[in-house]
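Dear colleague,

I am handing over the structure below, together with a short account of what was found in it. Please look it over before reading on.

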Amino acid sequence: MKHTLSVLVEDEAGVLSRIASLFARRGFNIESLAVGSAEQGGVSRITMVIPGDDRVIEQLTKQLYKLVNVLKVQDITETPCVERELMLLKVNATSSNRSEVIELAQIFRARVVDVAEDSLTLEVVGDPGKMVAIVQVLQKFGLREIARTGKVSLTRESGVNTELLKSLEAKVS
C-alpha cells in the first residue's frame with residue numbers, strides 16, 4: 001500500500017538530504033516528493049508518497065522524529081485530503097491530429113502552454129489519478145517528455161472525504 005506522509009521540518013540547509021539518507025539507508029523508496037514553505041516562517045512541508053505496510057510506516061515515522069529538524073510527521077493516507085499534482089506533458093501534434101489532442105486536453109482541463117510545429121506542451125493540474133488517465137489517453141499520439149511535481153496534500157478541515165462522496169454518487173447514478 002502507498003502511504004502519504006506530511007512532514008513539517010525546520011527550514012534549514014541539509015534537512016531534505018538527511019531525510020533522503022534515512023530512507024536510503026533503510027532501503028525504502030520515495031515514490032513522490034514535494035517540498036515547499038509551510039504556513040509558518042522558517043518551516044517547510046515535505047509531502048512524500050512511500051510504499052509499505054502500516055508497520056513499516058510506523059517505523060519510518062519513529063525514525064523521522066529522531067532527526068533534529070523534524071517538527072511533526074503525519075500519515076495522512078486515510079485522512080480526508082485535498083491532493084494535487086502538476087504535470088507538464090509534451091505530446092506529438094501534427095496539423096492532422098492537433099485539434100484532436102487539444103480536444104482531449106480540454107476534457108482533462110489541461111492548458112496548452114506551448115505550441116510548436118510538431119508538438120504541444122500541456123499543463124495539467126489535478127489529483128494523481130487524473131495524471132495517469134491523461135497520459136494513457138495521449139499515449140497514442142506519442143509522448144516526448146513528461147515532468148511531474150510530487151503530490152502535495154493538505155487535510156480537509158471539513159472532514160469531507162471526496163472519495164466517499166464519489167462512491168456514493170456512483171451508487172445513486
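**A charged patch and the chain around it**

On the surface, Asp53, Asp54, Asp75 and Glu78 gather in a patch of negative charge; please keep in mind that this is a predicted model. One member of the patch, Glu78, sits in the loop that lies between β4 (70-75) and β5 (81-92). Glu78 has a relative accessible area of 64% and therefore counts as exposed, since the term applies to values over 50%.

Turning to the protein chain as a whole, its secondary structure comes to five helices and nine strands, and, read from the N terminus on, these elements follow the order β-α-β-β-α-β-β-α-β-β-α-β-β-α. The C-alpha trace of the protein chain spans about 60 × 45 × 35 Å along its principal axes. Among the contacts in the protein chain with a separation of 6 or more, 73% are accounted for by residues 24 or more positions apart.

As for burial and surface, the protein chain has 173 residues, of which buried residues make up 36%, while the area that the protein chain exposes is about 10300 Å², with carbon and sulfur atoms supplying 51% of it.

To come back to charge, how far apart are the mean positions of the positive and negative charges of the protein chain? The protein chain carries 22 positive and 23 negative charges, and their mean positions are 2 Å apart, although Asp53, Asp54, Asp75 and Glu78 do gather in a negative patch on the surface.

With kind regards

Conventions:
Residues numbered from 1 in each chain as written. Predicted model: local features only at pLDDT ≥ 70, side-chain atom pairs only at ≥ 80, totals over all residues. Heavy atoms only, no water. Patch = residues over 30% accessible without salt bridge, like charges linked within 9 Å, V, L, I, M, F, W, Y side chains within 5 Å. Areas by Shrake-Rupley, 256 points an atom, 1.4 Å probe, with all protein chains shown as cover. Salt bridge = Lys/Arg side-chain N within 4 Å of Asp/Glu carboxyl O. Lys, Arg positive; Asp, Glu negative; His and termini not counted. Charge placed at Lys NZ, Arg CZ, Asp CG, Glu CD. Helix = DSSP H or I, 4+ residues; strand = E, 2+ residues; numbered from the N terminus. Buried < 20%, exposed > 50% of the residue type's maximum accessible area, 1.4 Å probe, protein only. Contact = heavy atoms within 4.5 Å.
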